[in-house]
Amino acid sequence: MEVANTIKQVINDAVERVKMPAPLRLRDLIRMIRAARTAAEEREVVNKECANIRNTFRDEDSVWRCRSVAKLLYIHMLGYPAHFGQLECLKLIASPRFTDKRIGYLGAMLLLDERQDTHLLITNVLKNDLNSNAQFVVGLALCTLGTIASVEMSRDLAPEIEKLLKSSNAYLRKKAALCAFRIVRKVPELMEMFLPACRTLIAEKNHAVLITAVTLVTEMCEKSPDTYNYFKKMIPTLVRTMKTLILSGYSPEHDVSGVSDPFLQVKLLRLLRVLGRGDQEAAEAMNDLLAQVATNTETSKNVGNAILYETVHAIMDVQSESGLRVLAVNILGRFLLNSDKNIRYVALTTLQKTVTLDQNAVQRHRSTVLDCLKDPDVSIRRRAMELSFQLVVESNLESMTRELLAFLSRSEPEVKSVCASNLVSIAERYAPSPSWHFHTLYEILQAAGNYVRDDVVSSTLQLVSDSPAIQAEAVSLLWEAVKNLKNLEDYQPLVQVCCWCIGEYGDSLLSIPDVPMDEVLESFQQILWSPHVSIITRQYSIMALEKLSARVPDTTNRIRSIVDAFGSHLNVDLQQRAIEFGALCRSFDHLRGPILEKMPPMPVDKDSKRGTSNGAGDTNSNDVDLLIEDGISTSRDRDPTSSDSNVLLNIIDGLDGDNDLGMSSSSAVYDSSDFSFAMGFKNPQPPITTSSNIFGGVGGNDLLDLLGGSFGDELSTPAPEPLSLTSVGPNITSMPLFPNFTHSVAINGGTEISGQSQQHELIPGQYFPSSFFSMNKPEQQSSLWLGAEHDGIMSEYGKAILAYSDEHIWIIFVPLLAYSSQTTIVMQVRAGGRSSQSQVNDLIFQAAVPKSLQLTLDPPSGTSIVQGTVITQRVTIGNPSKATLKMKLKISYSVSGRSQEKIQEIHDFPADFGMS
Amino acid sequence: MMQFMLLFSRQGKLRLQKWYVAQPDKARKKITRDLVTTILARKPKMCSFLEWRDLKIVYKRYASLYFCCAIEQQDNELLCLEIIHRYVELLDKYFGSVCELDIIFNFEKAYFILDELLIGGEVQETSKKNVLKAIAAQDLLQEDETPQGFFEDHGLG
């Protein structure tokens with residue numbers, strides 16, 4: 001019968017082959033694909049074959065299905081779509097032939113994923129095969145289930161697995177145990193079903209069954225506290241098993257280079273680690289064993305070290321006795337000296353985790369860790385660096401910093417910036433003195449060149465600014481460094497710091513005998529003109545030069561000629577800086593000194609920890625950035641790489657023009673809550689209430705609005721002198737040197753100034769416009785627009801006029817449109833001082849009008865003008881007959897003890913003065 | 001638990017892929033591409049471990065083939081190297097000094113061997129002998145049912 005069947009099949013097959021030529025063999029297809037010389041050729045072969053494969057699939061009972069699926073799997077591995085083979089795999093699995101099943105299951109594992117709806121079908125065929133009598137068929141089904149089991153499959157097939165866990169066949173038991181492992185991972189609540197079987201499995205002698213059972217139990221213990229408690233009782237058994245394993249003689253079957261079944265040992269250690277976690281008793285039960293493994297394991301090969309590594313983890317996780325912990329850290333210390341890079345690497349990663357647990361034990365291996373900084377393997381060097389930073393404490397600060405600085409200077413670019421930032425934060429945290437701190441920062445800048453992050457520049461500046469004792473030293477040190485730099489462009493952060501310091505404290509260079517100013521200026525010129533230097537660095541050096549002109553008097557002309565050359569620079573920002581400086585020198589030379597005065601110290605914010613302040617710094621600097629774009633309505637062509645420090649620079653630039661304000665500006669860049677604070681005046685005066693009102697009104701959290709408002713208001717106060725800005729050109733809308741002039745003021749054609757989006761109070765009496773001092777030229781006076789803000793409700797301020805001006809004070813009239821009518825003109829008289837140095841006292845403003853008009857003067861806001869404050873006084877003029885407005889003013893005041901009295905007549909009020 | 005294993009050539013061609021965690025085809029391709037480029041870019045002096053997403057990648061090069069496994073945080077990367085080595089030993093024993101071509105042309109056998117060593121990303125058999133015995137027995141089953149001689153064209157060919 002058998003023979004007859006075979007003959008019948010052979011004949012059938014032969015008929016089939018005659019009917020249709022046999023498809024390409026698998027190995028032939030592989031050969032063809034490999035012979036393809038181009039990707040296109042390969043695609044052609046594959047597409048052709050895929051078409052053939054689809055044809056054979058269409059044939060319901062093709063004898064070639066198995067071969068086709070195998071070919072499809074190869075094609076799939078090359079990256080071509082093969083999903084159309086999914087169902088064919090299932091058909092193969094359902095076939096009685098073992099070859100078909102083998103390929104079918106292989107295909108199922110490769111082509112099906114959890115989401116496939118084919119899973120219902122495969123669950124059925126799996127169930128069938130799991131109950132088969134043929135060992136290898138069950139084996140295939142178990143293997144497939146273990147690989148692709150989904151939640152549904154797990155639920156459906158768990159009973160079958162449970163049955164197989166108790167099978168008498170070890171080959172099936174081990175596979176079933178790992179299937180159960182997979183099921184528990186997918187559906188933890190199914191675990192209970194397997195518990196009884198596990199108890200016997202865990203005591204097995206067969207290594208394969210034991211290792212799979214240990215894996216399963218480990219997973220269950222991690223998932224469920226109940227199971228964990230149950231298996232804790234098994235610790236002695238497990239310890240005994242482990243001991244037997246270590247002590248058993250040579251067994252060739254499980255020996256790996258002299259170590260008895262390392263796979264099983266590691267799994268057992270892992271289970272012990274899970275069971276002993278946080279349990280004193282459990283820890284004691286395994287102390288002996290762990291000590292034994294830790295001391296007796298052969299360490300010449302990777303396997304031994306794998307076991308030691310697992311032991312170290314177990315000792316660290318389990319509450320082992322301290323002696324054992326030291327032993328564990330020492331093992332890692334030995335690992336660090338191992339010739340195998342992989343072992344050094346795991347030692348470093350493990351020490352990193354251990355260092356928080358036992359700082360002292362790890363500290364003992366510090367020198368070995370530092371040696372790893374010189375490792376040929378970059379990933380090991382990186383790890384060693386991270387660990388080294390964790391090991392820095394006050395007592396070893398000096399030596400660690402030295403080592404890490406040395407590492408920084410020789411490390412590769414991608415490591416440099418991380419290392420530099422870490423060093424900066426360590427210096428910040430542990431610096432014993434500002435001098436040490438500065439020297440460290442200086443060395444970081446030298447070692448890391450352009451790879452330092454921008455925050456390093458700003459924090460260095462802040463440090464120097466805040467520590468007067470080191471300023472002179474810093475300047476000379478930086479100057480020496482930059483003077484000797486071969487390639488400036490590779491050390492731009494250093495150059496920036498140097499520029500800033502020389503600009504601020506350049507006068508101290510004079511006291512050093514052999515620093516000729518010419519040489520300094522030469523260097524600056526070199527920085528400014530070297531082709532690869534960034535715009536930011538040039539901004540720093542232009543500013544520094546300008547400031548230097550105020551420090552070192554006889555350099556002005558030379559500096560002017562250097563800076564003037566940038567008056568036609570392609571970069572708008574540099575151009576502006578240069579032109580403004582030119583204007584400052586030419587027309588307002590007496591103001592140059594005060595404007596370019598030293599910045600007030602920027603206090604270092606001790607509370608801001610590096611890590612957090614970085615993040616905060618970023619967000620805030622964005623805000624500040626916005627502020628500069630919007631609030632000051634700058635048209636600056638900003639460098640796309642412009643960064644924190646650039647923003648900081650801009651602000652500093654803006655602020656140091658007005659050092660009278662006494663603001664701590666840079667701390668504001670770090671913390672928004674500081675910002676509003678820092679914006680306060682040093683010497684509160686009536687107008688200040690205005691700005692604090694603005695803070696309140698706008699809401700302190702709206703940084704942008706807040707600054708938009710406060711910037712203009714505050715900076716405008718010390719109005720030094722009317723300035724001619726028309727020479728800059730009609731379209732220039734921002735003047736970084738004097739942002740106080742420019743906040744929301746656009747000059748068009750030199751005749752019209754209009755405020756744009758200022759923050760105003762609705763009570764005009766307290767309002768204080770930012771830009772009135774822009775009225776400068778007599779011919780413009782009649783047509784100046786002041787503070788024509790648009791708050792969306794009304795336009796409060798009309799055209800202002802300059803009523804009076806002498807060498808000490810100026811007075812303007814600002815009509816308050818909201819209060820004025822056809823017959824009444826309400827205006828605000830504002831009086832301010834010319835010089836921020838001298839004080840104006842006892843100012844009395846008196847006015848007289850023709851008889852047809854009525855004049856009411858409210859009390860003035862004050863009588864003294866100190867440090868750029870402004871006196872305001874409301875004046876109401878009733879004009880029922882709509883007569884021509886004329887006014888006679890009597891102004892009396894005293895300056896430095898001498899009293900003055902001035903009379904002024906105003907006839908040329910604009911016809912529409914005070915009209916909306 | 002091992003999440004997946006990849007074998008690829010020095011040219012970056014995938015030779016074998018085993019996924020123990022369900023992933024859509026697209027994700028698999030992306031992961032493979034990412035890892036192949038990362039690993040091929042590493043210099044021979046570098047160590048065998050990578051941190052990648054929340055996984056540890058363990059790889060080792062044997063002749064022209066890279067063996068690359070992704071294991072979870074609590075797994076032992078040194079032992080993973082041993083698993084890779086064990087697999088290579090098994091391939092070597094089975095094919096008799098294995099080379100890349102053996103694995104290309106007999107990729108299904110390479111899968112069968114791996115499936116006797118690991119299930120669901122965990123070691124199921126620590127004895128080389130037992131793995132090879134199981135493979136040999138199944139190969140025999142396959143041979144028995146494939147007509148030999150004149151009609152041998154029946155198998156995978």
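A trainee and a mentor discuss one helix and some salt bridges in a predicted model.

Mentor: This is a predicted model, so local features need pLDDT of at least 70, side-chain atom pairs count only at pLDDT 80 or more, and totals for chains, interfaces and linings use all residues. Residues are numbered from 1 along each chain, chains are lettered from A as written, and side-chain values use heavy atoms, without hydrogens and water.

Trainee: Why is Glu72(B) called buried?
Mentor: Buried means under 20% relative accessible area, exposed over 50%, partly exposed in between (1.4 Å probe, protein chains only). Glu72(B) has 9%, so Glu72(B) is buried.

Trainee: What makes Arg185(A) partly exposed?
Mentor: Its relative accessible area is 29%. That lies between the two cut-offs, so the label is partly exposed.

Trainee: How do you know that Arg185(A) forms a salt bridge with Glu72(B)?
Mentor: A salt bridge is a side-chain nitrogen of Lys or Arg within 4 Å of a carboxyl oxygen of Asp or Glu. Here the closest N and O atoms are 2.6 Å apart, so the pair qualifies. Arg185(A) lies in helix 10 of chain A and Glu72(B) in a loop of chain B, so the pair joins two chains.

Trainee: Why are the buried residues of helix 1 of chain B said to be on the same side?
Mentor: The buried residues are Arg28(B), Ile31(B), Thr32(B), Leu35(B), Val36(B) and Ile39(B). They cover an arc of only 125 degrees around the axis, which puts them on the same side. The arc is that of the directions from the helix axis to the C-beta atoms.

Trainee: Which residues are exposed on the other side of helix 1 of chain B?
Mentor: Lys26(B), Arg33(B), Thr37(B) and Ala41(B) are exposed there.

Terms used: Helix = DSSP H or I, 4+ residues; strand = E, 2+ residues; numbered from the N terminus.
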